[in-house]
Amino acid sequence: MNNAMTDFEKKLQQLEPLSAPSDLRDRILRACSREEESNASACGLLSWLRLLYPGHAWSLGFAALWLLVLALHLDTPERTVPSGPTLSWIAWKEMQKEQILLLAQLETPRFEVNLQQGSFALPKEDL
Amino acid sequence: MMSGSPILERLYDEHADAVFGFLLHLSGSEADARDLLQDVFLKLVRKPGLLGSVHHIRAFLLRMAHHAFVDSIRRRQTRERSALALGEASCWFAHQHPPGMEQDWGPEVSRAMTQIPAEQRAVLHLKLWQERTFAEIGQILGISTHTAASRYRYALNKMEALLRPHYEQRHD
């Protein structure tokens, strides 16, 4: 390729492109300054976050530890509720009778309760 | 690199005019060139390591400016068409009387530049007014040296055809 410039190219080259307007310098440098400040505050926040986040290796270690704890917890047999002394059938019936009596008294004192039969009934005048 | 505003100020003072001229010729709009120049400098602030290992800062800034322009065109494609298709370009050059010319022909050259595509304007600007080699232009614009050279030839031929009446008349 012929690198020698033609007369036409030289004439074009003599034109001087417009410079940046004078007011633009302040505007851009001010915008850059604001951007630097916001970057600095963002960096401050990041440094706090970094304190909480110790790093990938540590985080992976913690995650593994938690998994281990979880696995151990799942493997532990469920604790059974210790059973109390067993009630005999007779004692249980007695307790049921008492319960019926107490409930009947709470509902209405006018019930006639037959402790022998373990039952209760409404008074005759209510029937 | 970008730890303080004095560095930015120095960068601006040394390179802003060249980058602005490039952006003005690319975008065809002073308002867009202003915004894009600001985008370039804000990017330098946001990514302080960008210039860390750069040897040719001017070339790097021109490359950043080109990227900013391409991004802006992608964002709002109609803007360039509306600004340039009408041929309402204001003068993109400082008013002057070149030797051998009776009048300032900057406005005619500006209008003629609106008639060529942006990628050819970019090569034309970098070759004529930044005095870059085609290899450097290729690096700045991310194209091959051959493509840069051929775009320049296309642009120059078109400009010559458009400006011949003015040029011959004034040169005589």
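Chain A and chain B bury about 3,600 Å² between them, with carbon and sulfur atoms giving 62% of that area. In chain A, the residues that lose the most area to chain B are A:Phe8, A:Leu15 and A:Leu18, which together make up 20% of what that side buries. The model is predicted. Five salt bridges cross the interface of chain A and chain B, out of eight over all chains.

**Interface composition**

- The contact draws on 28 residues of chain A and 51 residues of chain B.
- Between chain A and chain B, 13 residue pairs are in polar contact, both residues of each pair being at pLDDT 80 or more.
- On the side of chain A that touches chain B, the elements giving two or more residues are α1 (7–14) and α2 (22–52) of chain A.
- The element that gives the most to this side is α2(A), with 11 residues.
- Sorted by class, the side of chain A that touches chain B holds 14 nonpolar, nine charged and five polar residues.

**Salt bridges between the chains**

- Side chains of opposite charge can pair when their charged atoms come close.
- B:Arg34 and A:Asp23 form a salt bridge in which the closest N and O atoms are 2.8 Å apart. B:Arg34 lies in helix α2 (residues 30–46) of chain B and A:Asp23 in helix α2 of chain A, so this pair joins two chains.
- B:Arg34 has a relative accessible area of 15% and is buried, whereas A:Asp23, at 42% relative accessibility, counts as partly exposed.
- A network of salt bridges links A:Asp23, B:Glu30 and B:Arg34.
- A:Glu35 and B:Arg46 also meet through their side chains in a salt bridge, at 2.8 Å from N to O. This pair crosses between chains, with A:Glu35 in helix α2 of chain A and B:Arg46 in helix α2 of chain B.
- A:Glu35 counts as buried at 17% relative accessibility, because the limit for buried is under 20%. B:Arg46 is partly exposed, its relative accessible area being 45%.
- A further salt bridge joins the side chains of A:Arg25 and B:Glu9, with an N to O distance of 3.9 Å.

**A salt bridge within chain B**

- B:Arg10 forms a salt bridge with B:Glu14, and the closest N and O atoms of the pair are 3.8 Å apart.
- Both B:Arg10 and B:Glu14 belong to helix α1 (residues 5–27) of chain B, where they are four residues apart, about one turn of the helix.
- B:Glu14 has a relative accessible area of 44% and is partly exposed.

**Surroundings of B:His125**

- Helix α6 (residues 118–128) of chain B contains B:His125.
- Is B:His125 buried or exposed? B:His125 counts as buried, at 0% relative accessibility.
- Apart from neighbours within four places in sequence, the residues in contact with B:His125 include A:Pro17 from chain A.
- The contacts of B:His125 within chain B, under that same condition on sequence neighbours, are B:Ala18, B:Gly21, B:Phe22, B:His25 and B:Gln130.

**Chain B as a whole**

- Chain B has eight helices and zero strands, in the order α-α-α-α-α-α-α-α from the N terminus.
- Chain B has 172 residues, of which 50% count as buried.
- Taking the contacts in chain B between residues at least 6 apart in sequence, 62% join residues at least 24 apart.
- The accessible surface of chain B is about 8,300 Å², and 48% of this surface belongs to carbon and sulfur atoms.

**Chain A as a whole**

- Chain A has four helices and two strands, and from the N terminus its elements follow the order α-α-α-α-β-β.
- Of the 127 residues in chain A, 15% count as buried.
- About 10,700 Å² of chain A is exposed, with carbon and sulfur atoms supplying 63% of that area.

Methods: Residues are numbered from 1 along each chain as its sequence is written. Chains are lettered from A and ligands numbered from 1 in the order in which they are written. This is a predicted model: local features need pLDDT of at least 70, side-chain atom pairs count only at pLDDT 80 or more; totals for chains, interfaces and linings use all residues. Side-chain values use heavy atoms; hydrogens and water are left out. Buried means under 20% relative accessible area, exposed over 50%, partly exposed in between (1.4 Å probe, protein chains only). Contact means heavy atoms within 4.5 Å. Accessible areas come from the Shrake-Rupley method with a 1.4 Å probe; for residues, only the protein chains shown count as cover. Buried area is the accessible area (1.4 Å probe) that two parts lose on being put together, summed over both. A salt bridge is a side-chain nitrogen of Lys or Arg within 4 Å of a carboxyl oxygen of Asp or Glu. A polar contact is a pair of N or O atoms within 3.5 Å; within protein, one must be able to donate a hydrogen and the other to accept it, and residues adjacent in sequence count only if both atoms are side-chain atoms. Ala, Val, Leu, Ile, Met, Phe, Trp, Tyr, Cys and Pro count as nonpolar, Asp, Glu, Lys and Arg as charged, and the others, Gly among them, as polar.
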